[in-house]
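This report looks at how charged side chains are placed and paired in the model shown below, and then turns to a nonpolar part of its surface.

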Amino acid sequence: MATLATTVNGISLPNPFVIGSGPPGTNANVIGKALDEGWGAVIIKTISLDSAKVVNVAPRYARLRTEKSKEIIGWQNIELISDRPFNVWIDELKQLKDKYPDGKVIASIMEEYNKDAWTEIVERVQATGVAGFELNFSCPHGLPERKMGAAMGQDCNIMGEVCQWVMSAAKVPVWAKLTPNVTSIAEGAAAALKAGCNGVSAINTILCVMGVDLETLRPEPTVEGYTVPGGYSCIAVKPIALRMVKDCAEVIRDKYPNRTLSAIGGVETGNDAAEFILLGADTVQVCTGVMKMGYGCVRKMKDELLGFMERHKFETINQFKGHSLQYFTTHADLVRRQSEAKAAAAAKVKGLVGKDGEWKGDEFVKQTESLARD
Ligand SMILES: Cc1cc2nc3c(=O)[nH]c(=O)nc-3n(C[C@H](O)[C@H](O)[C@H](O)COP(=O)(O)O)c2cc1C
């Protein structure tokens, strides 16, 4: 019988569905709710040592809906990392460990470009018993103004150096969360893996401007009449995320076969998850989907993923992980394959016999003629 249970960097998970860092993992209460509902793991909202520097604004979300059904397909946020004090987080992570000894809580962390700060945050957070770390090198708004988040992820040398600092202090698995706001996410993945990270997560949000109000002429979301470009997520980003996950998966397949990949971006169904796993993901994260549908959506996602596996007779996640990567090639190869296929089809139309099984009694003479030269 098919199972969703999987082991990633030695962490055993009941299923590959992981809460992505953001509002669904902002405190012990909601993290507990996620574990109760059956999520495989929870990545907490990104934390840093000094929350006093984190000041959010409202509104901080803007949504894109389809014209007809009004379904939300795109979501911009200009939210910062957690504004809750570090000590409060340490207490809550300990409480969670006591209440859910088998629950998998992964700490998303971010710091300035300072070795002592990164070492301190890793040591103090891992003492609470978290299952792993996700390094936020990818928040695209607000934090880059302080040279954090995507500002680090966009510089492979800096990101590699910070990953090395973290790896020399960490005793649990570490994933680097990559920014899509670069020319080549594969280079980011390679830099983090070369520095020793156990895995990478992709993607964080894509830098965007949701729209401009044609009455006020102000871009949205407007805060006191002004705005900043924000991070785009939800269903609309899934095709971009699939491509970037595929790029990261190829780096892992070709150079770092024992490392792992956590896919994120527009996942709302078990079938979405299956697509990401087919492109090489070990786990699949959901953030905006939980904000739209609530924590219980994981039950349907699990059923859908199991249904997919049973249809294809896959018993484990590993049996289909990365299966579809083999079907990517170059455009030149597509052209070659197509001209070969056309030639084969033309030969068939002409009635040329290719294999002995193709001889037919009532066309035998015609088929012989078509093969003969006088
Ligand atoms: C409101 C909001 C807040 C977010 N905050 C964080 C964060 O603190 N740290 C982080 O690494 N990613 C953060 N993200 C990014 C998500 O974890 C995820 O990478 C992205 O939204 C794409 O996935 P999705 O389409 O499932 O939301 C946030 C996303 C949203 C929508």
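In this predicted model, Arg299 has a relative accessible area of 47% and is therefore partly exposed. Its closest partner atoms in a salt bridge with Glu37 leave N and O 2.5 Å apart. Because Arg299 belongs to helix 10 (residues 297-311) and Glu37 to helix 1, this pair ties together parts that are 262 residues apart in sequence. Glu37, at 15% relative accessibility, counts as buried, and the side chain of Glu37 also meets that of Lys33 in a salt bridge. Lys33 and Glu37 both lie in helix 1 (residues 28-37), four residues apart, or about one turn of the helix, and Lys33 is partly exposed at 38%.

A similar spacing is found in helix 3 (residues 115-126), where Arg124 and Glu120 are four residues apart. The salt bridges described here are listed below.

| Salt bridge | N to O distance |
|---|---|
| Arg299 and Glu37 | 2.5 Å |
| Lys33 and Glu37 | 2.8 Å |
| Arg124 and Glu120 | 2.7 Å |

The count of salt bridges comes to 20.

Lys104, in the loop between helix 2 (86-99) and strand 7 (105-109), is buried yet has no salt bridge, and the nearest side chain of opposite charge, Asp102, is 5.5 Å away. A polar atom of the Lys104 side chain does, however, lie 3.3 Å from the backbone oxygen of Ser12.

On the surface, Leu352, Trp359, Phe364, Val365 and Leu371 make a nonpolar patch of about 450 Å². Within this group, Val365 lies in helix 12 (residues 364-371) and counts as exposed at 61% relative accessibility.

Key:
Residues numbered from 1 in each chain as written. Predicted model: local features only at pLDDT ≥ 70, side-chain atom pairs only at ≥ 80, totals over all residues. Heavy atoms only, no water. Patch = residues over 30% accessible without salt bridge, like charges linked within 9 Å, V, L, I, M, F, W, Y side chains within 5 Å. Areas by Shrake-Rupley, 256 points an atom, 1.4 Å probe, with all protein chains shown as cover. Salt bridge = Lys/Arg side-chain N within 4 Å of Asp/Glu carboxyl O. Helix = DSSP H or I, 4+ residues; strand = E, 2+ residues; numbered from the N terminus. Buried < 20%, exposed > 50% of the residue type's maximum accessible area, 1.4 Å probe, protein only. Lys, Arg positive; Asp, Glu negative; His and termini not counted. Polar contact = N/O pair within 3.5 Å; in protein donor to acceptor, adjacent residues only side chain to side chain.
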